[in-house]
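Dear colleague,

I am handing over the structure we spoke about, and it is placed just below. Please look it over first, and then read on for what was found in it.

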Amino acid sequence: MFPFGMINIHASLLPRWRGAAPIMHALMAGDEEVGVTLMKIHPHRFDVGEIVSQKKISVPLHLTRKELTPQLAVLGAELIEDALPGLAQKLAAAVPQPENGVTLAPKIDSSYGKFDWNNITAIELYNRWRGLHGAIPLFTKWGSKTIKLEKLEPPVSDSVATPLTKDLNVRPGILLYHKKRRTILCRCVDSWIQISELCLVGRPVRKALDFRNGFLLKEHRDNWYFGP
C-alpha cells in the first residue's frame, strides 16, 4: 500500500525533543536553535525513524510559542517540497538518528503553569512563559487571591531593582514597580522577572501600572509579595 513507506514532519531537530510537545519544551529549555525534521516512520515507535532532511533557525530571546509555531510550519512545508523530487533516492539515503543527544518532550498539562518563586530562576520562569504562552497560563498566589501572569518581559539584574529596595526585606516573591520600564518586578531566586500584564483570575487583564494603582497601592507594603 505504501511502497516508499511513510514519512512525517516533526517540529524539532531530532533526536532532541522526541514527543508530543517539542516546541514548548525547546522554548522552556532556552534552546537558541530549533528546527524541523523530515523522517521515516517506524511502526509503533514514535519519532525514532531515519532522518531524511532537517532545517533549522535561530531563536531570539523574545520569541514565544505562538510566534515560533507558524515559522516552523513554513519550514516543514519547505522540507516536503524539497523532498518530493527524487523522493525514492532521498528516502534510501536517510540516516539513523544519533544515539547521543536524545531528549524527550512529553505532553504538557496544566501542572506546568504552577511554580514556586523560591525554586525558580528568572530566566527559567521567562522561558516557561515563552513556551506555554497562549496554551497554559502561569499562576501564582497573592495572599488568598490567584493571579494569572499574562505577559512577562526578560529578566533584569539586581542593579535595576536595588534603587527600589531600600528598607525592604528582599526575598523571592517580593514586588516592586519600575516607573521607567512600566513593569512590576518580582524577585526569583537569582534575579528579577518583569511582569507587564497580569490579572486576578476571572477579572480583566491589566497593564502593570493599572495593577499597581488598582490593587497594590491599596495594600500595606508588607503585602507586596507573590507566593508561596
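Let me begin with a question: does Phe226 count as buried or exposed? Phe226 counts as buried, since its relative accessibility is 3%. You will find Phe226 in the segment after helix 6, where ring pairs link it with Phe115 and Trp117 into a cluster. Please keep in mind throughout that this is a predicted model, and that what follows was computed from it.

The overall picture

The secondary structure of the protein comes to six helices and nine strands. The C-alpha trace spans about 70 × 35 × 25 Å along the principal axes, and the radius of gyration is 22 Å, whereas a compact globule of 228 residues would have one near 17 Å. Of the 228 residues, 44% count as buried, and the protein exposes about 12,300 Å², of which carbon and sulfur atoms supply 55%. If you take the contacts between residues at least 6 apart in sequence, 65% of them join residues at least 24 apart. As for charge, there are 30 positive and 22 negative side chains, and the centres of these two sets lie 7 Å apart.

The aromatic pairs

The count of aromatic pairs comes to five. One of them is formed by Trp142 and Phe211, whose rings are 5.7 Å apart from centre to centre, with 55° between the planes, and this pair is tilted. Because Trp142 lies in strand 4 (residues 138-142) and Phe211 in helix 6 (residues 208-214), the pair ties together parts that are 69 residues apart in sequence. Trp142 is buried, and Phe211 is buried as well. Phe211 also has Phe215 as a ring partner: their centres are 5.1 Å apart and their planes stand at 40°, so this pair is tilted too. Like Phe211, Phe215 is buried.

Helix 4 and its surroundings

Helix 4 (residues 122-132) is mostly covered, with eight of its eleven residues buried. Among the buried residues of this helix are Leu125, Tyr126, Trp129 and Leu132, and the set also includes Asn127 and Arg130. Which elements do the buried residues of helix 4 pack against? They pack against helix 1 (22-28) and helix 2 (65-83), and also against strand 4, strand 5 (145-156) and strand 8 (192-200). Just after helix 4 comes Gly134, which takes a positive phi of about 85°.

Backbone details in the loops

It is worth following the chain through three loops. In the loop between strand 1 (7-10) and helix 1 you will find Pro15, which is joined to Leu14 by a cis peptide bond with an omega of about 15°. Further along, in the loop between helix 5 (158-161) and strand 6 (175-178), there is Asp167, a residue other than glycine whose phi is nevertheless positive, near 65°. Asp167 is exposed, with a relative accessible area of 76%. The loop between strand 6 and strand 7 (183-187) holds Arg182, whose phi is near 55°, again a positive value in a residue other than glycine. Is Arg182 buried or exposed? With a relative accessible area of 54%, Arg182 is exposed.

His25 and Phe226

Finally, I would like to return to Phe226 and set it beside His25, which has its place in helix 1. These two residues are 201 residues apart in sequence, and their C-alpha atoms are 26 Å apart in space. His25 is buried, with a relative accessible area of 9%, and Phe226 counts as buried at 3%. Which residues does His25 touch, not counting those up to four places away in sequence? His25 touches Trp17, Leu104, Ala105, Pro106, Ile108 and Tyr112.

When you open the model, you might start from Phe226 with its ring partners in the cluster, go on to the pair of Trp142 and Phe211, and then turn to helix 4 with its buried residues.

With kind regards

Technical notes
Residues numbered from 1 in each chain as written. Predicted model: local features only at pLDDT ≥ 70, side-chain atom pairs only at ≥ 80, totals over all residues. Heavy atoms only, no water. Helix = DSSP H or I, 4+ residues; strand = E, 2+ residues; numbered from the N terminus. Rg over C-alpha atoms; globule rule 2.2 N^0.38 Å. Buried < 20%, exposed > 50% of the residue type's maximum accessible area, 1.4 Å probe, protein only. Contact = heavy atoms within 4.5 Å. Areas by Shrake-Rupley, 256 points an atom, 1.4 Å probe, with all protein chains shown as cover. Lys, Arg positive; Asp, Glu negative; His and termini not counted. Charge placed at Lys NZ, Arg CZ, Asp CG, Glu CD. Phe/Tyr/Trp six-rings, centres within 6.5 Å; stacked < 30°, edge-to-face > 60°.
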